[in-house]
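Q: Got a minute to go through this one with me? Please keep the answers short.

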Amino acid sequence: MIRKKLSNSSLKGWLYLLPAILFLGAFMVYPLIDVFIYSFEEGYNSASQTYLGVGLYNYSYVLHDPYFLQAVKNTFILVIITVPLSTGIALLISVGLSSIKPLRNLLQTVYFLPYVTNTLAVGLVFMILFKKTAYSDGLINLLITWFGGKSVDFIDGPYWAKMFVLCFYTIWVVMPFKILILTSALSSVNQVYYNAAKVDGTSKFRTFMRITLPMISPMIFYLIITGFIGAFKAYSDAVALFGTDLNAAEMNTIVGYVYDMLYGDSGGYPSYASAAAILLFAIVLTITCINLLISKKNVHY
Amino acid sequence: MENMTDYQKIEKSAKARKVTGNVITYILLVFWAIIVLFPFYWMVLTSVKSYSAYNSEYVPKFFTLSPTLQNYVDAFTAVPLGKYLLNTAVFTVITTAVMLVVITLAAFAFARLDFKGKNIAFIIFLSLMMIPNELVVITNFVTITNLNLRNTFPGLILPSVTSVFYIYLLKENFEQIPDSLYFAAKVDGTSDLKYLLKVMIPISKPTLITVTILKVIECWNSYVWPRLITDDENYYLVSNGIQEIRENGFGRENIPAMMAAVVVISVPLIILFLIFHKKIMEGVSRGGTKG
Amino acid sequence: MEVVLQNLTKKFRSRDRKNPQDVIAVNDFNFKIPDGKLIGLLGPSGCGKSTTLNLISGLIKPTSGRILFGEDDVTDLPPENRGIGLVFQNYALYPHLTVKQNILFPLQNLKGKDKLSKPEMLEKAVAAAKLVQIDELMDRKPGELSGGQQQRVAIARALVKMPRVLLLDEPLSNLDARLRLQTREEIRRIQRETKITTIFVTHDQEEAMSISDMIVVMKEGVVQQIGKPQEVYDSPVNLFVAKFLGTPPINVFEGQVRDNQLFIGEDAVLDVAGVENQEVYVGIRPEGFLLKEDGPFCCSLSGVEVMGRDISVVSTNKASLNPTVRSIVGTENKINIEAASVRFELKPAKVFLFHKKTEERIDFEVRV
């Protein structure tokens, strides 16, 4: 009797979970296992769904593919430039934002606006701002020449110019989240500490370095870690600026490479895509672990 | 007397320093606000310039004296922008609705019900939060293709109707409802499902609204999965539509019409944001991330 | 409805892994609660009184023993089929529903032949609200009500389906002192009007004594004494019960019985017949002292508190287990505050002897 009741209520719990389990199982757990299998199946043919053997060939192919190496290089440059820069600027803006009263809420709302916009759509605006065409040099080039510089095509021009736009747009896109997190972290620091510092005659800079920064250090590290993870997965920003054929534009990212391998003009190779995705996952995991180790040593809580 | 002037000096210099500090702060903040807002201004501005006016401006103008809505007409007639919007709306509404049902049931099971294997199930769920989408998208692409669901709504929707993170968020919220409410309902003979519908969901409405808004934003902006799974224009979402417009629509150079389309696509979310900006920002700072 | 508890026992699995001994929350509880009475379950926190209430409500299942409502054995019945009303300590009102919707909630759960039409439900809800005098507040939300009003809503919700037994868990503990007095009278009145067998749990002995028909004193899961409040107060079965009931609390001394005489310190304070010579604990109620210049019991005076109706004499005694000895005497007594000591005669009915080891009460004969 008691046993029957127990299994009844167990059944009920699992019944409520069933939809979630079905969806997660089909689109998360199974794919996770499958992607590893794919990545070791050599010569997989997606039409006949057969493969020739098992081994590391897919990895070796990907690692020798110049497009992949280009994508890795691009991604790393993007990460190394945008993560520190965006976190730093966001910190600067958040500190500024918390030190003022009038306009504060308005500015905060304005800063958050990019978060809700369609990356692809606004990317198009950035493109026309930076693009140099036969009809017009574009607004940014206009500004550059005003200040006495030489105009340059940021969209179809030299590598560094394209990389600059990509970084700039990436920072523009990730800023809202960082500013939001940092302002709420700053506002949660107890005013008492500032008052104590003020009474002691501590300078503003010293107060910031010795009180504010340690207090919000957990949030900064959180932003750096999520920033790394996010930047490594960059893709749609690049598509927005340079179009879907990123390999031709030399602006592909690792994720872009995965999708191109899977589908598109050069697609149809799920094995290569899987190998590349697993390599990406390994890179992200390693960097996250390093980040966590560093943050454990440095976060003051 | 000397002391007085000293104090006055200190006071004066402190005040001056404060003012300069403030001025610099405001300049910095306004500068960033301009960087944020300028693309929006430019997109609206360009969208109301006529095609010929735009192309004759070698030096782009910062304003226009003869705004036109012709570009908006073009955006809806030359490319199936209305169809894209409708597709996106259908995709967003169904995905969000199904997800709400799935996550509410799961969160309820974890928060309120006792059953064998609950803890293990929860740990497995949590560990799934670490799996990046990029890793599973490959097989999902193959699965959906094999099921012949490419270029269908089920194919678009099915993989994105669960979110472990939202289950977790909701479960935490459910657990804050005092046990005594559950016991009171039980004494009154309320079934678990009725308790969920009549008590837990109304009380957790704020969290559910936050989750809904975040999911709507995510759906409206999703690009990668729809791009993989649709190549038939009839099933394009706005993101794919924009990409399509950019590469094939309007002739490549009709920038004003393109910008009109961009405005149309951006407006729904911006309106949503203006109405719910407090809720959205609150929800995101509670742990949402982009994408 | 008569409620019968037979050998009711509840053990909880210990959470402590190093010491996996079961915790016995309720141990072998036997009690027949007569129909239509108000019963107070009384004891310090952790004594098992709330567990007992939850066993009766069916929210938890007993380890062994039976629970009967009249002739029906309800031990294995889920709470909703027992026909009980339960009021929680924090009231557990649904915060998103109005008072009316809260009261209607239990009625909307009724199914089959018990199902009511909308007007019937409303009628019952209004009647319940009238009974607890909150019919003016029907459209408010719980958050807009005071603690006392929330309490009434909770009671109305528990009463609306006319339960066979009404259970109240610490119903007054979230109220301030004045509301508490008022509300306990209210509970008494409602119980009298409805004649529903009512069991309530409290740690406040005054509360239990003032309104209960019977009280059950519990300690560490074991029932100490069951009886009418005055009976329990006048003849406690052991030291624990004696100490637990009464404000100010009973004064306890070390004492000896020698040759039918009770000694506290060197003073022979009372004649006690029929008690063997032994060491004892002596409990004396504050009202058991009579000021008398040649009284046998001498204490050093430390102060006098005038309380209007009577006087509280605070003194000390070496044999006392409490830091001070508190006695209540009438205002007609005049006390010399400057005096170093004060002498008392004791009222035999207010003096209890307890066995030193078992702490059980020892009866003695009073010689007149």
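**Confidence, domains and contacts**

Q: How good is chain B, going by mean pLDDT?
A: The mean pLDDT of chain B is 87, and 95% of its residues reach 70 or more. pLDDT is the predictor's confidence in each residue, from 0 to 100. This is a predicted model: local features need pLDDT of at least 70, side-chain atom pairs count only at 80 or more, and totals for chains, interfaces and linings use all residues. Residues are numbered from 1 along each chain as its sequence is written, with chains lettered from A and ligands numbered from 1 in the order written.

Q: Which element of chain B has the lowest mean pLDDT, and which the highest?
A: Helix 2 (residues 51-56) of chain B is lowest, at 81. Helix 4 (residues 81-112) of chain B is highest, at 94. Helices are DSSP runs of H or I, at least four residues, numbered from the N terminus.

Q: What are the domains of chain B?
A: Domain 1 is 2-47 and domain 2 is 81-285. Such bounds come from an automatic or database domain assignment.

Q: How far apart are the C-alpha centres of those two domains of chain B?
A: They lie 41 Å apart. Four residues of domain 1 of chain B are in contact with six of domain 2 of chain B. Contact means C-beta atoms, placed from the backbone, within 7 Å.

Q: Switching to chains A and B: how many residues are in contact?
A: 74 residues of chain A with 71 of chain B.

Q: Which part of chain A gives the most to that side?
A: Helix 1 (residues 2-40) of chain A, with 19 residues.

Technical notes. Two residues are in contact if their C-beta atoms, placed from the backbone, lie within 7 Å. Helices (H or I, at least four residues) and strands (E, at least two) are DSSP runs, numbered from the N terminus.
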